[in-house]
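Reader: Hey, got a minute to walk me through this model? I'd like to start somewhere in the loops and work my way round.

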Amino acid sequence: MNLVKAKNIWKTYGDSIILENLNFSMKEGEFCTLVGPSGCGKTTFLRMLLGVEEPSKGELLFEGEDYPKEPSDERGIVFQRYSTLNHLNVIDNVIIGLEFEKSKFFGKLFGEQKKKAVETADEILKAVGLQDARNKFPHELSGGMKQRLSIAQSLVKKPKLLLLDEPFGALDPGISLDMHELLLDIHSKLNFAVVMVTHDISEAFKLGTRVLVFDKVKVDEKYPNRYGSTIVNDIDSSNKRGRNISL
Ligand SMILES: Nc1ncnc2c1ncn2[C@@H]1O[C@H](COP(=O)(O)OP(=O)(O)OP(=O)(O)O)[C@@H](O)[C@H]1O
Ligand SMILES: [Mg+2]
């Protein structure tokens, strides 16, 4: 079964057509990267996949069912800007997601449940290489470390779909390369599906097993919002040496 399926979806804001007639499906564990000009609707599409934005027309399914009305831990998102809470240290920044998941009323866990949450959070911190920074506060972390923490916050809830919106855009080139290795490594171990927006074409081909190109098929010079974007190219980029991933 497809993890996500979009059938002829459209997204409009007022008179502006942002996405039109978009068809897309992806399977569990796939890694799609998404490229396209600024303003073409990439973030809007990610927000629909997260479940916080609905298509104006068309059908969008998650595991064969209509998208739930609320976002859920099955889908996590990481933005270019960090989502860390500055008054909490690294481990507590990861645990807090689990606390709200398991104890919606108190937002706190105690006893055995708390012990389990700490264990799970420590595992994830190890996976993203932050185990030695577990007691530090966000202001003591580098940009790359903060982004690792944002990824850990999403991954701790074991999402089936991880959405990444230009997650490495603000990082120095050397740090982004480390983040590529990290992401490929955790993806091959945990096998969640990824849709990642990037402006960097080489990053798109390096990381993705599929590269989706968003653009408008028709353009009206006088009325730029008359036509929306769609997937104009869906490129198989799975056949790369050195990418140890099985699909
Ligand atoms: N809530 C909203 N209300 C009205 N218009 C919106 C809303 N959200 C996005 N838009 C418009 O939709 C279009 C697509 O925006 P979106 O953020 O999806 O583009 P993008 O491809 O992510 O661009 P970028 O590469 O610059 O991040 C833009 O013209 C934007 O102004
Ligand atoms: Mg965007």
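**Loops, ligand and pocket**

Author: Sure. Let's begin with Lys 160, which sits in the loop between α4 (143-155) and β7 (161-165). Bear in mind that this is a predicted model.

Reader: Ok, so is Lys 160 buried, partly exposed or exposed?

Author: Lys 160 counts as partly exposed, because its relative accessibility is 33%. The cut-offs are under 20% for buried and over 50% for exposed, with partly exposed in between.

Reader: And how far is Lys 160 from Phe 192, C-alpha to C-alpha?

Author: That pair is 4.9 Å apart in space, with the two positions 32 residues apart in sequence numbering.

Reader: What's the backbone doing at Lys 158?

Author: Lys 158 has a positive phi of about 50°, although it is not a glycine. Lys 158 is in the loop between α4 and β7. With a relative accessible area of 51%, Lys 158 is exposed.

Reader: Ok, what about the phi of Asn 191?

Author: Asn 191 has a positive phi too, about 55°, and is not a glycine. You'll find Asn 191 in the loop between α5 (173-190) and β8 (193-197). Asn 191 counts as partly exposed, at 42% relative accessibility.

Reader: Switching to the ligand. Which residues surround ligand 1?

Author: The shell includes the run Pro 37, Ser 38, Gly 39, Cys 40, Gly 41, Lys 42, Thr 43 and Thr 44. Tyr 13, Ile 18, Glu 166 and His 199 also surround ligand 1.

Reader: How does that shell divide by residue type?

Author: There are 4 nonpolar, 6 polar and 2 charged residues around ligand 1.

Reader: Which oxygen contacts would I want to look at if I were setting up a pose check?

Author: Take Lys 42: an N or O atom in its side chain is 2.7 Å from an oxygen atom of ligand 1. For Thr 43, a side-chain N or O atom is 2.8 Å from a ligand 1 oxygen. Gly 41 uses its backbone instead, with an N or O atom 3.0 Å from an oxygen of ligand 1. Overall, the protein covers 56% of the 640 Å² of accessible area that ligand 1 has on its own.

Reader: Which element gives the most to the shell around ligand 1?

Author: That would be helix α1 (residues 42-50), which gives 3 residues.

Reader: Why do you call α1 largely enclosed by the rest of the structure?

Author: Because 7 of the 9 residues of α1 are buried. They are Lys 42, Thr 44, Phe 45, Leu 46, Met 48, Leu 49 and Leu 50.

Reader: Anything odd just after α1? What's there?

Author: Gly 51 comes just after α1 and takes a positive phi of about 100°.

Reader: New topic, pockets. How much space lies in the second largest pocket?

Author: About 240 Å³. The second largest pocket is lined by 13 residues, and those nearest its centre are Glu 54, Pro 55, Tyr 67, Pro 68 and Lys 69.

Reader: Which strand gives the most to that lining, and what's the chemistry like?

Author: Strand β4 (residues 57-62) gives the most to the lining, with 3 residues. The lining of the second largest pocket divides into 6 nonpolar, 2 polar and 5 charged residues.

Reader: You mentioned Glu 54. What lies 2.6 Å from its backbone oxygen?

Author: A polar atom of the Lys 11 side chain. Lys 11 is found in strand β1 (residues 4-13). Lys 11 is buried, since its relative accessible area is 7%.

Reader: A buried lysine, noted. Where does Ala 121 lie?

Author: In helix α3 (residues 111-127). Ala 121 is buried, with a relative accessible area of 0%. Its C-alpha is separated by 8.5 Å from that of Asp 92, and the two are 29 residues apart along the chain.

Reader: Last one: Thr 209, buried or exposed?

Author: Buried, because Thr 209 has 3% relative accessibility. Thr 209 is in the loop between α6 (201-207) and β9 (210-216).

Reader: And how far apart are Thr 209 and Asp 66 in space?

Author: They're 26 Å apart, C-alpha to C-alpha, and 143 residues apart in sequence.

Conventions: Residues numbered from 1 in each chain as written. Chains lettered and ligands numbered in written order. Predicted model: local features only at pLDDT ≥ 70, side-chain atom pairs only at ≥ 80, totals over all residues. Heavy atoms only, no water. Near = heavy atom within 4 Å. Polar contact = N/O pair within 3.5 Å; in protein donor to acceptor, adjacent residues only side chain to side chain. Areas by Shrake-Rupley, 256 points an atom, 1.4 Å probe, with all protein chains shown as cover. Helix = DSSP H or I, 4+ residues; strand = E, 2+ residues; numbered from the N terminus. Nonpolar A, V, L, I, M, F, W, Y, C, P; charged D, E, K, R; others polar. Buried < 20%, exposed > 50% of the residue type's maximum accessible area, 1.4 Å probe, protein only. 1 Å grid on protein atoms, 1.4 Å probe; cavity = no way out; pocket = protein on both sides within 12 Å on 5 of 7 lines; lining within 4 Å. Points joined across faces, edges and corners; volume = space filled by probe spheres on them.
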